[in-house]
Amino acid sequence: KKETIEKKLNKQIAKKKQIIKNDILVEEMNEIKVSLSGCCKPIPGDDILGYITKGYGVKVHRSDCPNIAREKARLIHVEWDDDLEEKEYEVGIRISSTDRSFLLSDIVTIVSQNKANIIHVESKVMPDKINVLTSLTVLVKNAEHLRTLIANLKKINSVVFVERITR
């Protein structure tokens, strides 16, 4: 869809009223630090909110983050910048499955085929000797990339569920 020149100009004017920090548009707040929270690790495409901390600026959380669920007064509207430079974001994934030969190999293969990079992997057989819990830290480009990766991990034989980790 082609945007009219007027719409483009309005977007540019609106953007000038906001400050862009760490790929996040924040309503005009001069000299405030903006960072992504470590608990829910928001990535482009996630719905986000800003939380005004005491002394640490604005921490950006996913809107469904349980750590800000009860907050109201210190939340502010923030959004992803439309002109993001392409980079990778760290996300935790938890996979529950039944144990079998080559399970971890299949998981790593799917992550690789989806062009995500693994930073950390931990996989352990549960005491029942049947179930396996695997935790991955991966680098993805955005929420759509993550959704595709999770959908493909769910297709692996013996995988019971896959979820994004929020601390």
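Ser123 has Thr134 as its bridge partner in β10, one contact point in an antiparallel pairing of β9 and β10 (residues 131–140) that runs over eight bridges. This is a predicted model, so read every value below as computed from it. The protein chain has three helices and eleven strands, and 38% of its 167 residues count as buried.

**The open sheet**

- β9 and β10 belong to an open sheet of four strands, in the order β9-β10-β8-β11, with antiparallel pairing.
- The edges are taken by β9 (117–125) and β11 (159–164); each has a single partner strand, so one side of each has no neighbour in the sheet.
- From one strand to the next, the twist averages 15°.
- Helix α2 (residues 103–113) lies across β8 (89–98), β9 and β10, and runs at about 20° to β10.

**Around β5**

- Strand β5 (residues 58–62) is mostly covered, with four of its five residues buried.
- With β3 (residues 34–36), strand β5 pairs in the parallel sense over three bridges; here Leu36 has Val60 as its bridge partner in β5.
- With β4 (residues 48–52), strand β5 pairs in the antiparallel sense over five bridges, and Tyr51 stands opposite Lys59 of β5.
- The hairpin of β4 and β5 has five residues between the strands, and Gly55 takes a positive phi near 90° in this hairpin.
- As a reminder for reading such pairings, side chains in a regular strand alternate between the two faces of the sheet.

**Nonpolar cores**

- The largest nonpolar core has 32 residues. Ile24, Ile93, Ile95, Val140, Leu149 and Leu153 are the ones with the most contacts inside it.
- Several elements feed this core: β2 (24–27), β5, β7 (78–80), β8, α2, β10, α3 and β11 each supply at least two residues.
- Helix α3 gives this core its largest share, five residues.
- Another core, of five residues, lies apart from the largest one; Cys40, Tyr51, Cys65 and Ile68 are among its members.
- Tyr51 therefore turns up twice, opposite Lys59 in the strand pairing and in the core of five residues.

**The aromatic pair**

- The structure holds one aromatic pair.
- Trp80 and Tyr89 form this pair edge-to-face, at 6.2 Å centre to centre and with 75° between the planes.
- Both Trp80 and Tyr89 are buried.

**Helix α3 and Arg147**

- Arg147 sits in helix α3 (residues 143–154).
- At 48% relative accessibility, Arg147 counts as partly exposed, because exposed would require over 50%.
- Arg147 and Arg164 are 17 residues apart along the chain, and 9.6 Å separates their C-alpha atoms.

**The chain as a whole**

- Read along the sequence, the pattern is α-β-β-β-β-β-β-β-β-α-β-β-α-β.
- Among contacts between residues at least 6 apart in sequence, 63% join residues at least 24 apart.
- The accessible surface comes to about 10600 Å², and carbon and sulfur atoms account for 51% of that surface.

Conventions
Residues numbered from 1 in each chain as written. Predicted model: local features only at pLDDT ≥ 70, side-chain atom pairs only at ≥ 80, totals over all residues. Heavy atoms only, no water. Buried < 20%, exposed > 50% of the residue type's maximum accessible area, 1.4 Å probe, protein only. Pairing = 2+ DSSP bridges. Phe/Tyr/Trp six-rings, centres within 6.5 Å; stacked < 30°, edge-to-face > 60°. Contact = heavy atoms within 4.5 Å. Areas by Shrake-Rupley, 256 points an atom, 1.4 Å probe, with all protein chains shown as cover. Axes fitted to C-alpha atoms, helices over the stretch in contact; angles between N-to-C directions. Core = buried A, V, L, I, M, F, W, Y, C linked by side-chain atoms within 4.5 Å.
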